[in-house]
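Here is a short note for a colleague who has not met this structure before. The points below are meant to be read with the model open.

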Amino acid sequence: MQKNHLIELLTQKDNRKKKSKIPARLDFLQSATGAVLVLFIMFHLLFESSILLGKDAMYALTKAFELDFVFKGGEPLFIAFLAFGVFVVFILHALLAMRKFPSSYREYSAYRLHAKMIQHEDTSLWFIQITTGFMMFFLGSIHLYTMMTQPDKIGPFASADRIYSDTMWPMYLLLLVSVVLHASVGLYRLIIKWGWFEREKSKWMIKAATIFYLGIGLVSLGVYMKIGYEHRGEYGKRYTVEANK
Amino acid sequence: MHRVYEDGGREIVLTIFRHNPNDEDSIPHFQDYPIIERPGMTLYIALTQIYTSMDHDVSFDFVCRAGICGSCAMVVNGKPRLACRTLTSEFSEGKITLLPLPTFQHIKDLSVDTGTFMNAMTKRVEGWIVNNSPQDISTIEKPIDPELSDEIFELDRCIECGICLASCATKVMRPNFVGAVGLNRVARFSLDPHDSRSDEEFYELIGDDDGIFGCMSFMGCQDHCPKHLPLQKQIAYMRNKMVKVR
Amino acid sequence: MKIIYSDALIVGGGLAGLRSAIATKEKGLDTIVISMVPVKRSHSVAAQGGMQAALANSVMGEGDNEDVHFADTVKGSDWGCDQEVARMFVATAPKAIRELANWGVPWSRISAGERTVIMNGQKEIIQESQDAHGLINARDFGGTKKWRTCYTSDATGHTMLYAVANEALRRNVIIHDRKEAISIIHDEKKAIGVIARDLVNGELIAYVAKGTMIATGGYGRIYKQSTNAIICKGIGTAIALETGIATLGNMEAVQFHPTPIVPSAILLTEGCRGDGGVLRDKDGYRFMPDYEPEKKELASRDVVSRRMIQHIRAGKGVPSPYGEHLWLDISILGRKHIEKNLRDVQDIAKTFNGIDPADEGSKGWMPVLPMQHYSMGGVRTKPTGESTTLDGLFAAGEAACWDLHGFNRLGGNSVSEAVVSGMIVGEHFATYCKERNLNANTSVISKFMQKQSDYLNEILAYNGKENIFDIKDEMRSIMQEEVGIFRNEEGLQRAVKRLEELLIMTKQINVKSKIRGNNPELNEAYRVPKMLKIALCVAKGALERRESRGAHYREDYIKRDDLNWLKRTITRWEAPEATTPTISYEELDIAKMELPPAFRGYGRKDSIIEHPQSMERTQEIEAFKATHPDMDRFELQEQLMPFELPLDYKKKNQRIGAEYA
C-alpha cells in the first residue's frame, strides 16, 4: 500500500498506470457543495426577509424552524443542527474552492494584469468571486458560529438587538453583499461549467436575482436596524406575539 | 484629433510593442507609427506598409492573410484577435495598440512561437485518431452519419491560433493548463466514430487540474475565438463525461 | 558548426511534405521536417473547395472511375502532363481520400433521399440512393465530367492538413519550424541535405540526411496579385535551381484563378461555381454561356479566367477604385446552402468587403477578378519524384513538376496531388533513404555552410543605393503586367530584360540593420534574388514558348501547337553568377500516350495545330480496342500505357454498385 503511494508520487499515476480519479471527485464536489450553498442562501435570505412582512411573520417562521408544530414552544437546537450542517458544507466548499485561488503573488498579479488588459466581464467577475470568497472565510464562520452556539437568539427583537445593539451590523452588511455576489457569480459559473442552460439568458436572470436579493437583504437589514434602535432600551427582552398586540 | 486628408484617409497611429528577447541590448518599449488609413485597410495591410516603407526591422507573422491559417493572432487594443481580419476602421479613435500574444514564447515584436506549444499539446492530448483495427483503403469507406460528420467538422475548424489561451485567465496563471484548444480537440475525437478510445482512455489524457478540471469557466476562449467555436459547450460536454468515469 | 543528422529530411510541412514524412516513418526512418512556419500554417490549409477522387458515391458521380478522372486531368492539362503520372495519380486518389477518412477528415457525407441542387442557374432535385447514405459526398468543379470533388464545407485543405499533421505527430515525425532552407548541400553527384537558417535567431544549421525532399509549394508571390499565402515565394524551388544540377520543369505554366475577391486577393473557392454560382458583368448579365455554351462557368480555370478578361476588355467590366472587375453571384444558392457549405466564403466577403453573399439580388454579388493562383511548374522529377538530374533530391506537391498538371491544373486536383504524391513519392523517397548509408563528407558540409555564411555577410556589407522592397515590388508588377494571363513577345522581352537588371540590382542595396540574427530586411535581401531567378525562369520560358497551351496564353501565337510545342520546358541555372536561366526541352511522346492530343471540349475549338501522330495514335488505340473486345478496362489500360505504383496502391478501388469493375 505504502509503496503504491510512492508510485503515484513519482509518476502521477497509480500502480496500474492509471490517473487518480480524485480530481474528478473534487471538481464534482466543489460544484455540488456550491450548488447546495446557493440553494440554502436563496431560501435563507427569503426567510430572514420575512421581517418585511412584519414581526409576527418573522416570529412565526422562526418558530416553524424550531419545529414548534411538533415540540411546543419550539426547540432552537434544530437551528443549531441546521447551522452545523451548513457549516460542514461551507467548510468543505471553502477547502475545495481554495484549490482554485491564486496561490502566489505571481498568479495573482498575472490574473490582475490579464483582466485589466482584456476587459472581459466573465474574467473580471472572478475578482469578485475570490474576494467575496475570501471574506466569507471569516464572516461566514462568525455568523455560523453564532447560530450554532446561540440558536435560541433568533427572533424579531433578538436578531435586531444583535444587529444594532451588539454592533454586528457592519459584519452583516459585508456578509450580505459577499454572500449574494459570491452565490450569483458561483451559480453562473456552475451553469457554464456543466452546460445546464443557455448562457446569455442565464446571465440576465442571475443579474436580476442578484439585484432582488441585494435589495431585500439591504432593506431587511435596515428594518432590523430600525427595530434594534427602537428596542435598544429593552435590550435582551424577547418578542412575544401577545405583547405586541 | 486626427487630420482629415483630401483623399478621405485619416491619420491613424499604430503603437507597436518592440522587443527582441534574443538580443541582450534590446529593451522592451512601445513605438508609434502614424500612417494614412485607406478604405478597407486591415492590420495586415497597415503592418506591411509600416514594414516596407517605415521600419524594416519590425517583426510580425502573417501567412494566409485571410483568417484561415491562424498565424497572425495578436492583442489589438487589449483583445486577442486575428490581425488579418481586423479592419483599422473599427477603431474610431484611430489609435491601435498591438502586443504579441501572451502565454506563448515571445520571438520578437509581435511574433510569438505557437508551433512548439501546439505540437506539444497535440502530443499531450493525443490529438489524433486511435484505431488499431486493420484498414484496407481500396475498399468502400466506413459510412458515417452525415449530421455527425458535420458536427465533427464544426469542432475540427479550430485553427490553433492561440487566441483561446491568450484570452484565458486560467492559462495566464497556470502555464500547464491545456486550454480550450486541447479540450476541444479531445471532444472532437471522442465524437469521431473512427476513434476507438473510451472515456476512460480520454480521462488518462485530460483527467486532472491541468486538463478538464482546470477550466474555471471564464469564457475568454469562446468570447474571443475567431472561428466562433462552441468551446463552452465542448468543455462542459467533456467535463460531464469525465466526472462519470469510474 | 551545428549539424543535425537524420535518415530522411523533408523541407516543407504542407500536405505533401507531411504525408511523405509519414511514409518515411512507416519504414522506420528517422525523419525531420523543416518548415518556415508552424506546419499547420502551411498554404495547404487554405485550399477551400475540395479534393478530387473518383469515388462515385453520389448519384451525380455515377459511372465515375479512374478512366474518367484521368481523361479530365489530361484534357485539363491541355495535353501538357505526363500521362503515366496522371494514371498513377487517379488510381491512388480514392485510396488517399479513404485513408484520410480513417485519419479523421470529417468529409461531408451523403444523405439518402432527395436533395435540391443548383445546376446551370436552376434548382434541380436529385435522388441519392440508400446504399450511398453516409458515404463521402462530392461537389461539381470546373473541367470535370462527374461530380468528383470531395469536401468538408469550404475548409477542405484545413481538415486535410490537420489530419495529416496530427498523424505525423502521432508517428513522432520531428518537426522543426521557423527554419528556412537556403541552400542544398550536394557533392556534385547527390544531395545530402540543406543549410537552413533559424528564423528566430538567425543561426545557420546544416541538416544532413540520406535523402532530401523539397515540398515547399508554389511561387505565386512573384506576382503582384496572388491568392497564395505570403510564404509561397518559391524559395525551395529556387535552392534546387541554384544547385546548377537540378532542373525545373514548365515554369511558365502559371494558373490564374477566376474568382479571387477584389481588392484583398483572397480566394473564393471554385465550389462557389461548382455549387451553382454564376459570373455576371456590369449589366448583371450572365456572360459565360455566350463564350462556353457547354461548360459555362465550369470550364477549366485557364479558360474561364481568359474569358473574363476578354469580357472586361469588351467594355463589360465593373469600374471600381481598384480597377475593373466582374461579379460572382452565389445568392441564388440560398442562404441555407451558403451558411452550411460556403461559410468561409461568406465570412471573407463580410469581413473584407462588408458584403453578405447570401443577400438576394445584386446586393450579395461579390467583386472578383482572375489572379495568380497555382504554379504548375516546379522541380523536374521522374515519376518517382526524384530529380531527373540530381540524385537524392526528391520533390513532391506543388513544388514539383513530376508532371501531373501540364499547363493547367483542375480545381480539386491540388490537395489531391499533394497527398497522393506524398504517398507515392514519399514511398519512393523512403525506399531511397532506407537503401542507402549516410555518406556525408564533413568538408562538403562545412564548405556549404561557409558559403552561406559568407553570402549573408556579403549582403550585410552591400553599400548601394537600391532598396530591396522596391526591387521586389517592381518584379511583382512586371510579372503581373507582362507575364500574366495574356502574354506577348514584346512584353515578355521587356520582362526578361528588366528582371535581369533587377537581379543585378539586388547586389546594390543597403540593409539598414547589420545583424545576422532576427533581421526581417536581411530575410528579404536573400529571398528576393531567389524569387527573381524563379521569375526569370517563368518569363523566359513564356517568351520562348511560342504557342498557347493551358494557362500559358500568347496573344501572338494563339494556337496550341502540338506539332512544335508538345514538349516540356526545362530550365537550369548553370553558373551562380549567371543572370538568366538556360532553357532546353523534353519531348512528349505521343506514341506512348493513352490519350492522344485532341480538343479539350471547352475553350476555342479552332485553335489547335495538330500533330499527325495524334491521329495515328488514336487509330492505333481504336484498332487495339476493337481487336481485344474481351479485355476489361484495366487490362486495356495496362496494354496501352503501363504504369507502376509502390505498395498496393495499384489495387482496384471498390465502388458502390460497380464493386471492383
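1. A cavity here is a set of points, on a 1 Å grid over the protein atoms alone, where a 1.4 Å probe fits but cannot get out; lining residues have an atom within 4 Å of a point. Grid points are joined across faces, edges and corners, and a volume is the space filled by probe spheres set on the points. The model is predicted, so local features need pLDDT of at least 70 and side-chain atom pairs count only at pLDDT 80 or more, while totals for chains, interfaces and linings use all residues. Residues are numbered from 1 along each chain as its sequence is written, chains are lettered from A in the order in which they are written, and side-chain values use heavy atoms, with hydrogens and water left out.

2. The whole structure holds 11 cavities of 30 Å³ or more. The second largest has a volume of about 110 Å³. Its lining is made of 15 residues, and those nearest its centre are Cys158(B), Cys161(B), Cys164(B), Cys225(B) and Leu229(B). Two helices of chain B, H4 (163-166) and H6 (179-191), are the elements that give two or more residues to this lining. H6(B) gives the most, with three residues. Helices (H or I, at least four residues) and strands (E, at least two) are DSSP runs, numbered from the N terminus.

3. By class, that lining has 11 nonpolar, two polar and two charged residues. Ala, Val, Leu, Ile, Met, Phe, Trp, Tyr, Cys and Pro count as nonpolar, Asp, Glu, Lys and Arg as charged, and the others, Gly among them, as polar.

4. How many disulfides are there over all chains? The count is zero, where a disulfide is a pair of cysteine sulfur atoms within 2.5 Å. Cys225(B) is unpaired because the closest cysteine sulfur, in Cys161(B), is 6.4 Å from its own, too far for a bond. Cys401(C) is also too far for a bond, because its sulfur is 10 Å from the closest one, in Cys81(C). Cys225(B) counts as buried at 9% relative accessibility, and Cys401(C) counts as buried at 0%. Buried means under 20% relative accessible area, exposed over 50%, and partly exposed in between (1.4 Å probe, protein chains only).

5. Contact means heavy atoms within 4.5 Å. Of the two pairs of chains that touch, B and C have the most contacts. This contact takes 75 residues from chain C and 67 residues from chain B. The area buried between them is about 5,700 Å², of which carbon and sulfur atoms give 52%. Arg41(C), Asn102(C) and Arg109(C) supply 12% of the area that chain C buries against chain B, more than any other three residues. Buried area is the accessible area (1.4 Å probe) that two parts lose on being put together, summed over both.

6. Between chains B and A, the contact takes 40 residues from chain B and 34 residues from chain A. About 3,100 Å² is buried there, with 54% from carbon and sulfur atoms. Met173(B), Glu204(B) and Phe218(B) supply 21% of what chain B buries against chain A, more than any other three residues. No contact joins chains A and C, whose closest C-alpha atoms lie 20 Å apart.

7. Chain A has nine helices and zero strands. Buried residues make up 42% of its 245 residues.

Terms used. On a 1 Å grid over the protein atoms alone, a cavity is a set of points where a 1.4 Å probe fits but cannot get out, and a pocket is an open set with protein on both sides within 12 Å along at least five of seven lines; lining residues have an atom within 4 Å of a point.
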